[in-house]
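Student: Could we go through this structure together, one question at a time? I'd like to see how each answer is reached.

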Amino acid sequence: MNKHIKKIAVVGSGIMGSGIACHFANIGVEVLLLDIVPRELNDKEKAKGLTLEDKVVRNRLVNDALAASLKSKPSPIYSQSFANRITTGNLEDDIAKVADVDWIMEVVVERLDIKKQVFEKLEKYRTPGTLITSNTSGIPIHFMSEGRSDDFQKHFCGTHFFNPARYLKLFEIIPGPKTDTAVLDFLNGYGEQFLGKTSVIAKDTPAFIGNRVGIFSIQSLFHAVKDLDLTIEEVDKLSGPVIGRPKSATFRTVDVVGLDTLVHVANGIRENCPNDERIALFELPEFINTMMDNKWLGSKTGQGFYKKTVSAEGKKGILSLDLNTLEYRPAKRAKFATLELTKTVDKVVDRFKILVKGKDKAGEFYRKSFTALFAYVSNRIPEISDELYKIDDAMKAGFGWEHGPFQIWDAIGVEKGIELMKAEGLVPAAWVTEMLASGSTSFYTIKDGASYFYDIPTKNQTKIPGQDAFIILDNIRKTKEVFKNSGVVVEDLGDGILNCEFQSKMNTIGGDVLAGLNKAIDMAEKDFAGLVVGNQAANFSVGANIGMIFMMAAEQEYDELNMAIKYFQDTMMRMRYSAIPTISAPHGMALGGGCELSLHADKVVAAAETYMGLVEFGVGVIPGGGGSKEMALRASDMFSKGDVQLNVLQEHFLTIGMAKVSTSAYEAFDVNLLQKGKDIVVVNKDRQIAVAKQHAKLMADIGYTQPVRRTDVKVLGKQALGMFLVGTDAMEDSNYISEHDHKIANKLAYVMAGGDLSEPTLVSEQYLLDLEREAFLSLCTERKTLERIQHMLTKGKPLRN
């Protein structure tokens, strides 16, 4: 199917509908968002003398819903300007407009009768060949398309986004009885390439794949928590980041999603899956029924498993629900000896073997919860999926798990998992023992950089489809490594392109990483054609190793610190001025030094979910790895565009001074951290390294010449410095900034003004780098700076003093 999606109609503007509309707007699609017409006026409309026939009234529901969505946090949209791609309307006046769209998506209330009424109306105006899908989270697809035309049914299926649509990657595609396979193939590819999702074609079974397994996992914990005598804090400690799950873990996640939502899905599974061998687990425990009766539904009602409080003095706190007394009490700290054993184990996948051996309640918790999960997912094949990797994909993309159930089982060992299951009175599906008998000892294998899965019908390891567009660094690291030190691994991506992958904690940039970067550039200049700097960890880089800076400053080793900062600056300049093209591939957090590295690359291939900023003010210094210089340079390059030069420089100054962090890659363009016409955005992070490689190769193939170092940066001298100093004085006088903030701001002002030159002057980048380094070092001698760095190291957040 060679189809192009230029315009989509989203029918239903609730939280999910508006979120989906925003995400299509994110990728450049024109959106028509429709909802019902209000049946009565509200008080404001009555006061204005409006009637039910006024357009503003008729579109009130859809407009209010979209406005609320755009104001919500985290934002559903990459840039507020993208909301201009969304047109609103109602299902009476504007339904005929669906004739002009390429895709119609229904996102109305989860009631079959209402959905069928909506489809009946839509079919009157739908152009034959137009895709039409439902975002249902569990209503059988075959029920919804009954009575519709052949063309409707051919182009109809379920397309289930997870909330929030921008951030959760799972995109379940559920065929109806007559869905054309070409439609499924198109949506599968579109979801991955354009929407940035993990597309999973599921079967038309209750709750599909993600919710079927996810709700089982939560319900299993609901039933186990009292048996193991665990508190909700303890369960959240055990089921969170330590096993590669979100910080919200179990009970906080339920509070965010809403207990009523979980209960609705659990009841649906219990009522519609009579042959599920664990159906008893979908019965609601008594404490859940009590919470439902009390309307303790979570964030939406102000209390759930946790309850936020504010004391008479205005101090905020959080209470936890005691599941034995069903009364709220102060939160208790959770601590287990088993977890202590994993503190030195950085990779989550290496922790599972340790966790299931635990001798305390934590170990018992993991043995019970993992074995229950293993048994359940093995028995869901072929009911909900024929391929085991789809279950893992769904759990990772829909619930934010770092590893899916079969990957966890592999990490523990398939035979060891079966042994643990037997101890808990559980047995896996027969195909698992048949797999071991056939000679396959794991669910997954890696071969020639590609991932393979055990295919049950053929009893062979089969290549997972769709991965040819990706480069998975975990799969190639062992075989393609050309250099390694304690900070980086350099891999050969093929076609003459190297990749430099950070390996430090949180991908911080210290001496070993800088040495690795220089080595990678040396190797690329000698024997290769280009260099990508990228990784597939949670974050690109949170910045420089401030622990190293703190130690040098505290010991007053200023010569060593000066050399370290110069080494950082020189390395960043090598990223810009080398004989080969350099590509930075940031994603997640790209802060401080991670941002500076990207500023100096020839090109940035950023993931859409990139949160970029120069945040050094938070630890009491200015950007010292070329960031301050670079913002002055980028301001200078804009002087010729007709804007008032002082205003342009001030905007770039404030980007650093206010430690602005973009909430998406697109926002980074707004503050000139990314540059239009040079840098690009990739919506699917899984494609990022492959796309970065393509651009490095293209730049090399068309003939890359090492740039000439800049000596034409225009600085404004005393004219700009005076403006900045007046502004910072006023800010401190008005108590907007502290005395130390004032000092930092003045140091930055001196650098970005180019010093106290008497008139505007053209200077070199090195001139600005020397000013930057001098200012950075002088701030490192300040007691307040050391206090801020120490606070950041111990508390993990900035100190304002």
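**Cores, sheets and odd angles**

Tutor: Let's start inside: the largest nonpolar core has 114 residues, and those with the most contacts inside it are Phe24 and Trp103. A nonpolar core here is a set of buried Ala, Val, Leu, Ile, Met, Phe, Trp, Tyr and Cys residues joined through side-chain atoms within 4.5 Å. Buried means under 20% relative accessible area, exposed means over 50%, and partly exposed is in between (1.4 Å probe, protein chains only). This is a predicted model, where local features need pLDDT of at least 70 and side-chain atom pairs count only at pLDDT 80 or more, while totals for chains, interfaces and linings use all residues. Residues are numbered from 1 along each chain as its sequence is written, and side-chain values use heavy atoms, with hydrogens and water left out.

Student: Which residues does Phe24 touch, not counting those up to four places away in sequence?

Tutor: Contact means heavy atoms within 4.5 Å. With residues up to four places away in sequence left out, the list for Phe24 is Ile8, Val29, Val31, Trp103, Met105, Phe161, Tyr190 and Leu195.

Student: How many residues are in the other core that lies apart from it?

Tutor: Ala202, Ala372, Phe399 and Met435 are among its members. The size of this other core is 111 residues.

Student: Now the sheets. Which strands stand at the edges of the open sheet of 8 strands?

Tutor: Strands (E, at least two residues) and helices (H or I, at least four) are DSSP runs, numbered from the N terminus, and two strands pair if DSSP finds at least two bridges between them. The order in this sheet is E3-E2-E1-E4-E5-E6-E7-E8, with mixed pairing. Each edge strand has a single partner strand, so one side of each is left without a neighbour in the sheet: these are strand E3 (86-90) and strand E8 (198-201).

Student: What angle does the direction of helix H1 make with that of E2?

Tutor: Axes are lines fitted to C-alpha atoms, for helices over the stretch in contact, and angles run from 0 to 180 degrees between N-to-C directions. Helix H1 (residues 15-26) packs on the sheet and touches strand E1 (7-11), E2, E3, strand E4 (103-106) and strand E6 (156-161). Its direction and that of E2 make an angle of about 170°.

Student: Which residue in E3 is the bridge partner of Val31?

Tutor: Strand E2 (residues 30-35) and E3 run parallel, joined by 5 bridges. For Val31, the bridge partner in E3 is Ile86.

Student: Is Ser134 buried or exposed?

Tutor: Look for Ser134 in strand E5 (residues 131-134). Its side chain makes a polar contact with the side chain of Glu106 at 2.5 Å; such a contact is a pair of N or O atoms within 3.5 Å, and within protein one must be able to donate a hydrogen and the other to accept it, with residues adjacent in sequence counting only if both atoms are side-chain atoms. Because its relative accessible area is 0%, Ser134 is buried.

Student: And which side chain does the side chain of Thr159 make a polar contact with?

Tutor: Thr159 is in strand E6, and its relative accessible area of 0% makes it buried. Its side chain makes a polar contact, at 2.7 Å, with that of Thr133.

Student: What is the twist in the open sheet of 3 strands, from one strand to the next?

Tutor: That sheet has the order E9-E10-E11, with antiparallel pairing. Its edge strands, strand E9 (306-310) and strand E11 (327-330), each pair on one side only. From one strand to the next, the twist averages 40°.

Student: How far apart are the end C-alpha atoms of helix H24?

Tutor: The expected span of a helix is 1.5 Å times one less than its number of residues. Helix H24 (residues 558-576) has 19 residues, so it should span 27 Å. The model agrees, with its end C-alpha atoms apart by 27 Å.

Student: Where is Pro74, the residue with a cis peptide bond from Lys73?

Tutor: Most peptide bonds are trans. The bond from Lys73 to Pro74 is cis, with omega near 0°. Pro74 lies in the loop between H4 and E3.
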